[in-house]
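Visitor: Could you take me slowly through one part of this model, the second chain, and then show me how that part fits with its partner? I am in my first year, so please connect each step to the next.

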Amino acid sequence: MIELDGLTKRYGEKVAVDGLTCTVRPGIVTGFLGPNGAGKSTTMRMILGLDHPTAGDVRIDGSRYEQLTDPLTCVGALLDAKAMHGGRSAYNHLLCLAQSNGIPRARVGEVLETVGLMAVARQKAKGFSYGMSQRLGIAAALLGDPRILMFDEPVNGLDPEGIHWIRNLMRSLAAQGRTVFVSSHLMSEMAQTADHLIVIGQGRLLADTSMADFIRRHARSYVRVRSPQRERLLDALHEAGVTAVEAADGALEAEGDKAEQIGELAAGHGIVLHELSPRQASLEEAFMRLTAGSVEYHAQSAAAPGNWGADRQGGTA
Amino acid sequence: MSTHQPPMPQAPGAPDWQAAPGGSYPGYTSPIPVVRTHLGHAVASEWTKIRSVRSTIWTLSVFVFLVVGIGLLVGALVSAHASESSLSGTNPLSFGFFGLLVGNMCVITLGVLTTASEYGTGMIRTTMTACPSRGRVLAAKAIVFFVVAFVVSLVSVTFVAMVQSSMLSGSGTESPSGGAWLKATVGVSLYMALLGLLALFVGSIIRHSAGGITIMIGLVLAPLVLALFMATESLHSVRDFLFEYSFPSQLGVFYDSTLSGSGPRGWDPLWIMLGLAAVAGAGAYALLRNRDV
């Protein structure tokens, strides 16, 4: 269990993490979501005692990270896959970490086996691909067989097979009763892994909710309808009690999963339809809307993210 | 073919953490025995680190090569060309000085790399996560490096001293006393290891390998170079101070060969270097404690 209490980090004028209070619980995968620069990595570094908080506190099973006498058997973390000496072999990298915590040497072989790096154990980490470094970083996190695991953007740079592997790994670790805390800037990735979501933007807590709740609240389905006889269609829908609003491009968006009903209704009224498609607002869109106000680095483009947001808000009004 | 399903949302309250009795934290319990870590673990870890990178092997090999190579060369040249009268009253061990004058660069480099290289690679975060007690990490690095530097220095310096004294025996040189032997072997090796330790702490303060090495080479060479060009009489006292307390001159004290008649004597250079290393160590510790990694 990781408990954050008013955790704050300031770099001069800039506030990286702003009064973050939340709890990361055992037995589930908790997704830590936020756009780039939201303060996810800074928060993780503070949890590990690497950065000193400006204010607030963070506790690992009730104690500060610095107070842990057996840190690696308590918390395993993957912050940066390349955070290792390139000239050292994978085996020696893990061995020096194991020795620092009195972990039996045999564990090194075990975790290398787990991540599938046994064949390259004696090779220098310098020659590793990003995916291999990522696996070595995960091996280091698993070394102490810890109760709590933290991964900072673990799927970055992995191939689909690697992504699939790490997803299953995180879920099985959580199923064993461990606390799994994983950051990402991709909602779609979290939707497939996390049971619980903590969303931050510009260092502030935006949401702390279960994934199921988030989906229920944000992933609305609707039916997109286009017709040359739009006014008649609107009337017909209104009569039938189906809420529909105009989308930006002139199409209609009807709430709910009622494609059949709308099709039959149109046929009954003799209304021509050019399009009738059931849609689902993606979680990615919901996430972007949630964090839209707090994205630090906006891309300057004609199709600003606000466009679809307005579109969808109109659609769900 | 993926059989992975999107997660089935759990029923509210499904995780059993809520059933936890107050005060204890539930969850996974590892079969790995929990060990209370101490300095010994950190030392074992740092030993694995220092022996498993090529830069250690390289810097130490070059050090041995320079100290032994130059030592033997000088010994051979002196015994071949010097007349008996010119060597009378000379301490034969003093010819070991030249190898160390060049070889110290290797000790400095290894010292700086031991701490600073972890910042270049990001390894320091992994290290500090594994051992959150920062003082312990610094102490372990200092202990391991000091022992390695001292042993390697002692072995090569003693070898050179023995070969040189046997080469030059009977050529008019005086037979060195036990005290002279001690200073030229153990004394000078301690001095080299302390110089490397100073470099290690500077590396921890600067957190940049090239920067740390540059500063250390500057510290070693600059006073002597500056003094060489201080011809003005008004700078006389400054020049003498720089000469006497410059690194090469202090190293020479261990062989009783100095640039001037005054200045540090006997074992003084060792205490001076010990003081410098202690101050740098305290500074490095204070910064390491307070800075973000």
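Guide: Chain B of this predicted model contains ten helices and zero strands, and from the N terminus on its elements therefore read simply as α-α-α-α-α-α-α-α-α-α. Of the 293 residues in chain B, 42% are buried. When we look at the contacts in chain B with a separation of 6 or more, 80% of them are made by residues that lie 24 or more positions apart.

Let us turn to the place where the two chains meet. The contact takes 42 residues from chain B and 60 residues from chain A. On the side of chain B that touches chain A, the elements that give two or more residues are α1 (39–51), α2 (54–81), α3 (97–121) and α4 (123–130) of chain B. The residues of that side divide into 20 nonpolar, 16 polar and six charged.

A further helix of chain B matters for the interior. The largest nonpolar core has 134 residues, and those with the most contacts inside it are A:L94, A:A139, A:L143 and B:Y191, which come from chain A and chain B. Helix α6 (residues 178–206) of chain B gives the largest share of this core, 17 residues. In soluble globular proteins, nonpolar side chains tend to be buried together. If we pick out A:L143 and leave aside its neighbours within four places in sequence, its contacts include A:L72, A:L94, A:L97 and A:V111. A second, separate core of eleven residues includes A:V223, A:V225, A:L237 and A:A254.

Chain A, the partner, also contains strands. Residues 2–227 of chain A carry the feature "domain: ABC transporter" in UniProt, from an unreviewed entry, and over these residues the chain is 33% helix and 29% strand, with the end C-alpha atoms 54 Å apart. Three strands of chain A form an open sheet in the order β2-β1-β4, and the pairing is antiparallel. Because β2 (14–24) and β4 (55–60) of chain A stand at the edges, each with a single partner strand, one side of each is left without a neighbour in the sheet. From one strand to the next, the twist averages 20 degrees. Strand β1 (residues 2–11) of chain A is joined to β2(A) by seven bridges, and in β2(A) the bridge partner of A:I2 is A:V24. Helix α1 (residues 40–47) of chain A packs on this sheet, where it touches β1, β2 and β4 of chain A, and its direction makes about 115 degrees with that of β1(A).

Methods:
Residues numbered from 1 in each chain as written. Chains lettered and ligands numbered in written order. Predicted model: local features only at pLDDT ≥ 70, side-chain atom pairs only at ≥ 80, totals over all residues. Contact = placed C-beta atoms within 7 Å. Helix = DSSP H or I, 4+ residues; strand = E, 2+ residues; numbered from the N terminus. Nonpolar A, V, L, I, M, F, W, Y, C, P; charged D, E, K, R; others polar. UniProt positions renumbered as here; feature names shortened; annotations may be inferred. Pairing = 2+ DSSP bridges. Axes fitted to C-alpha atoms, helices over the stretch in contact; angles between N-to-C directions. Core = buried A, V, L, I, M, F, W, Y, C linked by C-beta atoms within 7 Å. Buried ≥ 20, exposed ≤ 12 C-beta atoms within 10 Å, placed from the backbone.
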